[in-house]
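Please explain how this protein is put together, beginning with the spaces inside it and going on to its covalent links and its core.

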Amino acid sequence: EQRWLVEPQIDDPNSNLEEAINEAEAITSVNSLGSKQALNTDYLDSDYQRGQLYPFSLSSDLQVATFTLTNSAPMTQSFQERWYVNLHSLMDRALTPQCGSGEDLYILTGTVPSDYRVKDKVAVPEFVWLAACCAVPGGGWAMGFVKHTRDSDIIEDVMVKDLQKLLPFNPQLFQNNCGETEQDTEKMKKILEVVNQVQDEERMVQSQKTSSPPSSTRSKRSALLPPEASEGSSSFLGKLMGFIATPFIKLFQLIYYLVVAILKNIVYLLWCVTKQVINGIESCLYRLGSATISYFVAIGEELVSIPWKVLKVVAKVIRAILRILCCLLKAVCRVLSIPVRVLVDVATFPVYTMGAIPIVCKDIALGLGGTVSLLFDTAFGTLGGLFQVVFSVCKRIGYKVTFDNSGEL
């Protein structure tokens, strides 16, 4: 964007213009434009420029919003350049690499205003801040960064909950503080390592500024306060002293850098050795602890299983005893059932005998009746047969006599 935008609804809630438009387009149609927000004219003839709270070069989309005057703050050129360098270093080397591809990385930026104002209107920030939240389940983290507007200050890393205490009204920046109870400490350590590198780079820049002749003549004041008018020219004596002192200053700087580099390497070497030793001890302790825990867990499982096994044995013994008792009862019942059956049979014999007499008498009567009937049938049959024979003979005799008589005639 080659322009800076205003938000008409801030000054005029009834405005129907777009949320962010060019200031020239809003002057004629917005009532009281600039009463509640900064304008481009507020920065004219001042030692400040519009500094983006979140540089547009870090945005992948919606870059227009970073060019609104409501998302910017008064910054001097030197402070703005260092702030942008710090943000780029943190984003490219620490925050984005430790949050996957950056899709779950959320960034909030802002300022805390000071008492000094540009043209008694736009507040100059006392410090600028950035809060980052990596919302990855089980591997997230949250961290804050603060940079005061003094030349000698470098960017500082703080916890988000501590950053919230520095802000007006102590707001909650992220929901549930970005899961602060389940944060990945390893990733946070790696981020802090990069932050330390950025801080070292910042200190080196600050040392170069303080050792250079132009900067040595300036008083230490806020980087965002208007600088005093520079002197017209340096005297010849000052130039001569600067020319003579420059080699010694450069030599001192070289010695300083060598000593610092050697000390840093020694500290780094000791840190690496200490880290390896600590990691070895942690590994041994971890294995020992795991073996001990496994041993006690196995013993505990066996101790817990003993009552259960005893109960199973007791249940089986009781079941066997009950089975034996059932078998004994069945045998007793069978033994006792033999004499009982005999007694029952003996007791019921007379009853069965007396009940059988009528049936026997009936059978005898039926036998006698059948015999008499058979005799009668035999007698009558025999008589009938004899009668038939006599009748046949008489019939034949009578027929013959009749025939003989008819022949004589």
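How many nonpolar, polar and charged residues does the lining of the second largest cavity have, by class? The lining has three nonpolar, two polar and two charged residues. The model under discussion is a predicted one, and the values given here are computed from it.

To see where that answer comes from, one may begin with empty space. Rolling a probe the size of a water molecule over the atoms shows where empty space is left. In this model the count comes to two cavities of 30 Å³ or more. The second largest cavity has a volume of about 50 Å³. Its lining is formed by Ala142, Met159, Val160, Lys161, Asn177, Glu180 and Gln183. Because Ala, Val and Met count as nonpolar, Lys and Glu as charged, and residues such as Asn and Gln as polar, the reader can sort these names into the three classes of the opening answer.

An open space may be considered next. The largest pocket has a volume of about 720 Å³. Of the 21 residues that line this pocket, Glu193, Asn196, Tyr268, Trp271 and Lys275 lie nearest its centre. Two elements, α5 (185-211) and α7 (236-408), give two or more residues to the lining of the largest pocket. By class, that lining has ten charged, seven nonpolar and four polar residues.

Helix α7 leads to an entry in a record. In an unreviewed entry, UniProt lists residues 254-273 as "transmembrane region". In the model, this span is 100% helix and 0% strand, and its end C-alpha atoms lie 28 Å apart.

The covalent links come next. A disulfide is a covalent bond between the sulfur atoms of two cysteines. In this model there are two disulfides. One of them joins Cys99 to Cys134, with an S to S distance of 2.1 Å. This pair links distant parts of the chain, 35 residues apart: Cys99 is in the loop between α3 (77-95) and β5 (105-118), whereas Cys134 is in strand β6 (residues 122-134). The link of Cys99 and Cys134 is right-handed, with 90° about the S-S bond. Are its two cysteines buried or exposed? Cys99 is buried, because its relative accessible area is 2%, and Cys134 is buried as well, with a value of 1%; the term buried means under 20%.

Cys133 and Cys178 form a disulfide too, and their sulfur atoms are 1.9 Å apart. Cys133 lies in strand β6 and Cys178 in the loop between α4 (160-166) and α5, so the pair ties together parts that are 45 residues apart in sequence. This link is right-handed, with 80° about the S-S bond. Cys133 counts as buried at 5% relative accessibility, and Cys178 is buried at 11%. With bonded cysteines counted along the chain, the disulfides follow the pattern 1-3, 2-4. A further cysteine, Cys361, counts as partly exposed, because its relative accessibility is 46%.

The account ends with the nonpolar core. The largest nonpolar core has 26 residues, and those with the most contacts inside it are Trp83, Leu95, Trp141, Phe145 and Ile191. The elements that give two or more residues to this core are α3, β6, β7 (141-148) and α5. Helix α3 supplies the largest share, eight residues. Two of these elements have been met before: strand β6 holds Cys134, and α5 gives residues to the lining of the largest pocket.

Key:
Residues numbered from 1 in each chain as written. Predicted model: local features only at pLDDT ≥ 70, side-chain atom pairs only at ≥ 80, totals over all residues. Heavy atoms only, no water. 1 Å grid on protein atoms, 1.4 Å probe; cavity = no way out; pocket = protein on both sides within 12 Å on 5 of 7 lines; lining within 4 Å. Points joined across faces, edges and corners; volume = space filled by probe spheres on them. Helix = DSSP H or I, 4+ residues; strand = E, 2+ residues; numbered from the N terminus. Disulfide = S-S within 2.5 Å. Buried < 20%, exposed > 50% of the residue type's maximum accessible area, 1.4 Å probe, protein only. UniProt positions renumbered as here; feature names shortened; annotations may be inferred. Core = buried A, V, L, I, M, F, W, Y, C linked by side-chain atoms within 4.5 Å.
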